[in-house]
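Student: I have a new structure open and would like to learn how to read it. Could you walk me through it, one feature at a time?

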Amino acid sequence: MFDPVQLRTFLTVAQTLSFTQAAGRLGLRQSTVSQQVRRLEAAAGRQLFARDTHGVELTEDGEAMLGFARTILEANERAAGWFAGTRLRGRLRFGASEDFVLTRLPEILEGFRRDHPEVDLELTVDLSGTLHQQLAAGRFDLVLVKRHPDEPHGRLVWRDRLVWIGSERLRLDPHRPLPLVVFPPPAVTRARALEVLERHGRAWRVTCTSGSLNGLVAAARAGLGVMAHTQGMIPPGLSRIPARAGLPELGGIDVVLLYGAAPAARGPAEALAEAILASGDRLQTPGLRQA
């Protein structure tokens, strides 16, 4: 009943919440993406996306279709791999920032290991900035990291925004330096936060530095300060700082996949990348995706 090509296009639009971004990732024209989504909606007999001048959002039926689409596509890929008789082998050095490991990325990795048992998967968890550097040094075959939207490299998984988050009980004094809870350099979120504050002339002071997201979350929950974080993955117990606090906007952030240069690992890296792209919405907190 449902065309796998249309389902894959639907998932890509759902992850980016942009027909333009989906077309770029899939290598299609935007009109083709829109046509495939309309055909899927016709097959389902339901509207899957709500579109207006402000952006694109999933409808309730669209949210339901996410799970069905993933299940159908995963079953198709397992069947194709089984009957093709091709089994991936070798070592895959994969790096991911801690933000993603604390979401449902482990489920995706579990499915990958189940489907490709002869691939030795080595996972490294570190800061996005560090992973960028180590990828360039040849230490990884694939990384899942954050980057500035203006940077051209990488396969876009989804586009989000950085926002200020903190404890609901935290009260900020506009006349005192902004207390910051930050990763150490070369963290992408740290660099963006400091750059934006300096550009707007807002005084700041670091109240906690930790290489662990759990450490930063604990400090923020204790009210030690605010932290810059991806809106789609706000940890439990923390919330977005309201606009009335007067903090400057942090801007957009891309979540991307970047490949290493080792040709021997290209097959396993491509397979894991496709699994992540097919299930990228699992890496975000439900209901917090941003157009």
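Student: Let me begin with a single residue. In which loop does leucine 17 lie?

Tutor: Leucine 17 is in the loop between H1 and helix H2 (19-26). Please keep in mind that we are reading a predicted model.

Student: What is the sign of phi at leucine 17?

Tutor: Leucine 17 is not a glycine, and yet its phi is positive, about 50°.

Student: Is leucine 17 buried or exposed?

Tutor: The idea is to compare the relative accessible area with a cut-off: under 20% means buried. Leucine 17 has 9%, so it counts as buried.

Student: What about the helix before that loop, H1: how many of its residues are buried?

Tutor: H1 is mostly covered, with 10 of its 13 residues buried. Among them are Gln6, Leu7, Phe10, Leu11 and Val13. The helix runs over residues 4-16 and reaches 18 Å from its first C-alpha to its last, close to the 18 Å expected at 1.5 Å a residue.

Student: Which residues are buried in H8?

Tutor: Here a general idea helps. An α-helix has 3.6 residues a turn, so residues three or four places apart point the same way. In H8, the buried residues are Val188, Thr189, Arg190, Arg192, Ala193, Leu194, Val196 and Leu197. This helix spans residues 188-199 and reaches 17 Å end to end by C-alpha atoms, close to the 16 Å expected.

Student: What comes on either side of H8 in the chain?

Tutor: Glycine 201 follows H8, and its phi is positive, near 70°. On the other side, the loop between strand E7 (178-182) and H8 holds proline 186. A cis peptide bond joins proline 185 to proline 186, with omega about 5°.

Student: Now I would like to look at contacts. Which residues does leucine 131 touch?

Tutor: To read contacts, set aside the neighbours up to four places away in sequence. Leucine 131 then touches Gly95, Ala96, Ser97, Thr124, Asp126, Phe140, Val143, Leu144 and Val145. Leucine 131 is in helix H7 (residues 128-136). Its relative accessibility is 0%, so leucine 131 counts as buried. One of its partners shows how the chain comes together: glycine 95 is 36 residues away in sequence, while the two C-alpha atoms are 6.6 Å apart.

Student: Which helix holds leucine 277, and what does that residue touch?

Tutor: Leucine 277 is in helix H10 (residues 266-278). Leaving out residues up to four places away in sequence, leucine 277 touches Gln15, Arg25, Arg155, Leu156, Val157 and Leu257. Gln15 takes us back to H1, where it is one of the buried residues. Leucine 277 itself counts as buried because its relative accessibility is 8%. For a separation in space, take glutamine 231: it is 46 residues from leucine 277 in sequence and 19 Å away, C-alpha to C-alpha.

Student: Which residues can you show me that are partly exposed?

Tutor: Partly exposed means between the 20% and 50% cut-offs. Arginine 104, with a relative accessible area of 39%, is partly exposed. You will find arginine 104 in the loop between helix H5 (98-101) and helix H6 (105-115). Its C-alpha is 23 Å from that of glutamate 118, 14 residues away in sequence. Alanine 75 counts as partly exposed too, at 35% relative accessibility. Alanine 75 is in helix H4 (residues 60-84), and its C-alpha is 13 Å from that of phenylalanine 112, 37 residues along the chain.

Student: Now for the whole chain: how many helices and strands are there?

Tutor: The protein chain has 10 helices and 11 strands. Of its 291 residues, 47% are buried. A compact globule with 291 residues would have a radius of gyration near 19 Å, and the 20 Å of this chain agrees with that. Along its principal axes, the C-alpha trace spans about 65 × 45 × 30 Å.

Student: And what share of the contacts join residues at least 24 apart?

Tutor: Counting contacts between residues at least 6 apart in sequence, 77% join residues at least 24 apart.

Student: What can be said of the surface and the charges?

Tutor: The accessible surface is about 14,300 Å², and 51% of it belongs to carbon and sulfur atoms. The chain has 36 positive and 31 negative charges, and their mean positions are 2 Å apart.

Terms used
Residues are numbered from 1 along each chain as its sequence is written. This is a predicted model: local features need pLDDT of at least 70, side-chain atom pairs count only at pLDDT 80 or more; totals for chains, interfaces and linings use all residues. Side-chain values use heavy atoms; hydrogens and water are left out. Helices (H or I, at least four residues) and strands (E, at least two) are DSSP runs, numbered from the N terminus. The radius of gyration is taken over C-alpha atoms; the globule rule is 2.2 Å times the number of residues to the power 0.38. Buried means under 20% relative accessible area, exposed over 50%, partly exposed in between (1.4 Å probe, protein chains only). Contact means heavy atoms within 4.5 Å. Accessible areas come from the Shrake-Rupley method with a 1.4 Å probe; for residues, only the protein chains shown count as cover. Lys and Arg count as positive and Asp and Glu as negative; His and the chain ends are not counted. The place of a charge is taken as NZ of Lys, CZ of Arg, CG of Asp or CD of Glu. The expected span of a helix is 1.5 Å times one less than its number of residues.
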